[in-house]
Amino acid sequence: MASIDIEKPKWDQSTYEGRARHFLTLTNPLNILASNEDLDKAQKIVTEYRKGASLDQLNISEDELWQSKYLYDSAFHPDTGEKMMLLGRMSAQVPMNMTITGFMMTFYKSTPAVIFWQWFNQSFNALVNYTNRSGSSPIPLETLGMSYAGATSGAVITALGLNRLARRAPPLVGRLVPLCAVAAANCVNIPLMRFTELRDGIELQNERGERLASSRKSAREAIASVTISRILMASPSMILAPLVMNTLERRKTLARYPWAAGPIQVLLCGVCLTFATPLCCALFAQRVSKPVQDLEEDVQETIRSKAPETQIVYYNKGL
């Protein structure tokens with residue numbers, strides 16, 4: 001049997017279907033239920049296979065190898081190999097975000113509640129960003145602090161300002177305010193978190209993974225695509241839930257069962273995020289190819305001086 005390259009995703013990443021299947025597996029919320037013994041077993045299988053052990057020697061099938069690899073990727077840092085904090089893992093994204101989003105949309109009228117849940121949401125985002133920071137180029141604590149403060153203040157100011165404007169608008173408009181606040185926070189948080197890439201450029205590689213140069217133009221494109229993905233990721237739950245709740249409110253259902261508002265919105269957010277998270281991650285390729293001729297002139301000169309035959313370069317977009 002030919003050797004399986006587990007350093008690349010299982011499915012073809014040049015197609016949307018392949019990327020979607022990859023991220024559906026990677027962000028599977030059931031992975032958060034894996035015990036330490038399961039995670040250690042997956043780590044052992046991946047480590048031994050990388051060292052050259054065969055499937056027969058490991059006494060596993062190809063499917064079991066891929067299951068172990070994706071379970072390993074969901075819990076261990078790709079650069080350092082260390083087990084990540086539970087709430088910062090990709091598998092925790094759906095359960096955490098469904099809870100936070102559900103409560104943000106349930107308590108959107110109260111000023112103290114708006115401040116608390118927007119702060120809580122950005123605190124969770126900061127934890128995720130810190131947990132998934134690059135091991136080779138870690139995020140400076142100063143940058144993390146600036147991103148956290150900027151995103152939190154941006155989200156709170158947007159939410160409170162729009163709530164004030166929406167007082168005289170139909171109830172549905174007020175329910176959509178949290179989405180606008182989250183979108184504004186993402187537009188602040190992601191560029192700040194990746195400020196060094198905007199300043200110095202994102203790393204460009206050839207097809208063999210060798211570094212050739214850095215491009216600020218490509219960094220802007222990467223950050224823009226990630227920002228769009230994050231906003232679209234939050235949109236289905238933050239649009240569908242208000243529509244459903246507005247319908248229930250008009251039918252007086254919530255008047256009879258006021259306690260049900262929170263659980264209903266959390267459940268709706270969970271269903272939406274289970275699919276929106278991987279499907280929006282898959283909108284743009286993780287490893288982006290770019291013709292050298294489309295880069296900045298100085299970057300083109302750098303690449304041609306190092307590898308004149310190179311016509312296409314690649315960069316990691318990020319998530």
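**Exercise 1.** Which residue lies over the face of Tyr314, and at what distance from the ring centre?

*Solution.* The model is predicted. Start at the ring of Tyr314: Arg287 lies over its face. The distance from the ring centre is 4.3 Å.

**Exercise 2.** Place Ser225, decide whether it is buried or exposed, and list its contacts beyond four places in sequence.

*Solution.* Step one: find the element. Ser225 sits in helix H11, which covers residues 216–250. Step two: check accessibility. Buried means under 20% relative accessible area. Ser225 has 9%, so it counts as buried. Step three: look for contacts. Leaving out residues up to four places away in sequence, Ser225 touches Phe284 and Lys317.

**Exercise 3.** Classify the aromatic pairs that Phe120 forms with Phe116 and with Trp119.

*Solution.* Two values describe a pair of aromatic rings: the distance of the centres and the angle of the planes. The whole structure holds 10 aromatic pairs. Take Phe116 and Phe120: their centres are 5.9 Å apart, with 35° between the planes, and the pair is tilted. Both residues belong to helix H6 (residues 111–131). They are four residues apart, about one turn of the helix. Now take Trp119 and Phe120. Their ring centres are 6.2 Å apart. Planes over 60 degrees apart count as edge-to-face. Here the angle is 70°, so this pair is edge-to-face.

**Exercise 4.** How are Phe116, Trp119 and Phe120 exposed, and which cluster holds them?

*Solution.* Phe116 is partly exposed at 40% relative accessible area. Trp119 is partly exposed at 39%. Phe120 is partly exposed at 30%. One aromatic cluster contains these residues: Phe103, Phe107, Phe116, Trp117, Trp119 and Phe120.

Notes: Residues are numbered from 1 along each chain as its sequence is written. This is a predicted model: local features need pLDDT of at least 70, side-chain atom pairs count only at pLDDT 80 or more; totals for chains, interfaces and linings use all residues. Side-chain values use heavy atoms; hydrogens and water are left out. Helices (H or I, at least four residues) and strands (E, at least two) are DSSP runs, numbered from the N terminus. Buried means under 20% relative accessible area, exposed over 50%, partly exposed in between (1.4 Å probe, protein chains only). Contact means heavy atoms within 4.5 Å. Rings of Phe, Tyr and Trp (its six-membered ring) pair if their centres lie within 6.5 Å; planes under 30 degrees apart count as stacked, over 60 as edge-to-face and the rest as tilted. A charge sits over a ring if NZ of Lys or CZ of Arg is within 6 Å of the ring centre and within 35 degrees of the ring normal.
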